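Subject: Handing over a structure, with notes

Dear colleague,

I am passing on to you the structure below, together with some notes on what was found in it. Please look through the sequence and the model before you read on.

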Amino acid sequence: MDSKTYDDKILETYVNRCIDNIIKHELIEGVTDVNSFAEFALPLEFDDERLVEGIGQGAAMTYDELSDEEKNSLRSFSMRVYATKEKSSGDCSRRIDNIEVWSGVLLELVHKRIRQRLKEDLK
């Protein structure tokens, strides 16, 4: 399996677990299944406070449940994405190990993937 396929698989698994945790633990009021999650999330802007908070809680909860190997894979993936995004700025190497930076990149990716997955589930 090439690294891009592996990266996509890691992110897909993580996103699915995030969605499951958000629904299972009712981290967003009124979200009890994928359909209610889609109805809530899709009309909102990416920066809606309720959505950002719910996804953030779900992502943190899911991250805590991962094995050390899964955490390392996800961390490496996030750092590679961040390095690619910041390559032109030249200061990437100074900040690449900063957990807030790579977790922020991860949260942005998860947020986008969750919305993408919800759209697919509604079809």
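The notes below go from the chain as a whole to its core, and then to particular pairs of residues.

Please keep in mind throughout that this is a predicted model. The secondary structure of the chain amounts to six helices and zero strands, so that the order along the sequence reads α-α-α-α-α-α. The chain has 123 residues, of which 37% count as buried, and it exposes about 7600 Å², with carbon and sulfur atoms supplying 48% of that area. When one takes the contacts between residues at least 6 apart in sequence, 66% of them join residues that are at least 24 apart.

As to the interior, the largest nonpolar core holds 26 residues, and those that touch the most other members are Tyr14, Phe37, Leu51, Val110 and Ile114. Two or more residues of this core come from each of α1, α2, α3 (49-65), α4 (68-86) and α6, and it is α1 that gives the most, with eight residues. In general terms, nonpolar side chains in soluble globular proteins tend to be buried together. Valine 110 can serve as an example of the packing here: if its neighbours within four places in sequence are left aside, valine 110 is in contact with Leu11, Tyr14, Val15, Cys18 and Ile55.

Helix α2, which covers residues 34-41, has Ser36, Phe37, Ala38, Phe40 and Ala41 as buried residues. At the start of α2, a side-chain oxygen of aspartate 33 comes to within 3.2 Å of the backbone nitrogen of asparagine 35.

Turning to charged side chains, the count comes to five salt bridges, and three of these pairs are described here, beginning with aspartate 8 and arginine 113, whose side chains meet at 3.5 Å, N to O. Because aspartate 8 lies in helix α1 (residues 3-24) and arginine 113 in helix α6 (residues 99-122), this pair ties together parts that are 105 residues apart in sequence. Aspartate 8 counts as partly exposed, at 27% relative accessibility, and arginine 113 is likewise partly exposed, with a relative accessible area of 28%.

Another salt bridge is formed by the side chains of glutamate 108 and lysine 112, at 3.3 Å from N to O. Both of these residues lie in helix α6, where they are four residues apart, or about one turn of the helix. As for their surroundings, glutamate 108 is partly exposed at 35% relative accessibility, and lysine 112 is partly exposed at 44%.

Aspartate 121 also forms a salt bridge, in this case with arginine 117, and the closest N and O atoms of the pair are 3.0 Å apart. Because aspartate 121 and arginine 117 are four residues apart in helix α6, about one helical turn separates them. An α-helix has 3.6 residues a turn, so residues three or four places apart point the same way. Aspartate 121 is partly exposed, with a relative accessible area of 33%, while arginine 117 is partly exposed with a value of 23%.

If you would like somewhere to begin, I suggest finding valine 110 and its contacts, among them Leu11 and Ile55, and then moving to the salt bridge between aspartate 8 and arginine 113.

With best wishes

Definitions and conventions
Residues numbered from 1 in each chain as written. Predicted model: local features only at pLDDT ≥ 70, side-chain atom pairs only at ≥ 80, totals over all residues. Heavy atoms only, no water. Salt bridge = Lys/Arg side-chain N within 4 Å of Asp/Glu carboxyl O. Buried < 20%, exposed > 50% of the residue type's maximum accessible area, 1.4 Å probe, protein only. Polar contact = N/O pair within 3.5 Å; in protein donor to acceptor, adjacent residues only side chain to side chain. Contact = heavy atoms within 4.5 Å. Areas by Shrake-Rupley, 256 points an atom, 1.4 Å probe, with all protein chains shown as cover. Core = buried A, V, L, I, M, F, W, Y, C linked by side-chain atoms within 4.5 Å.
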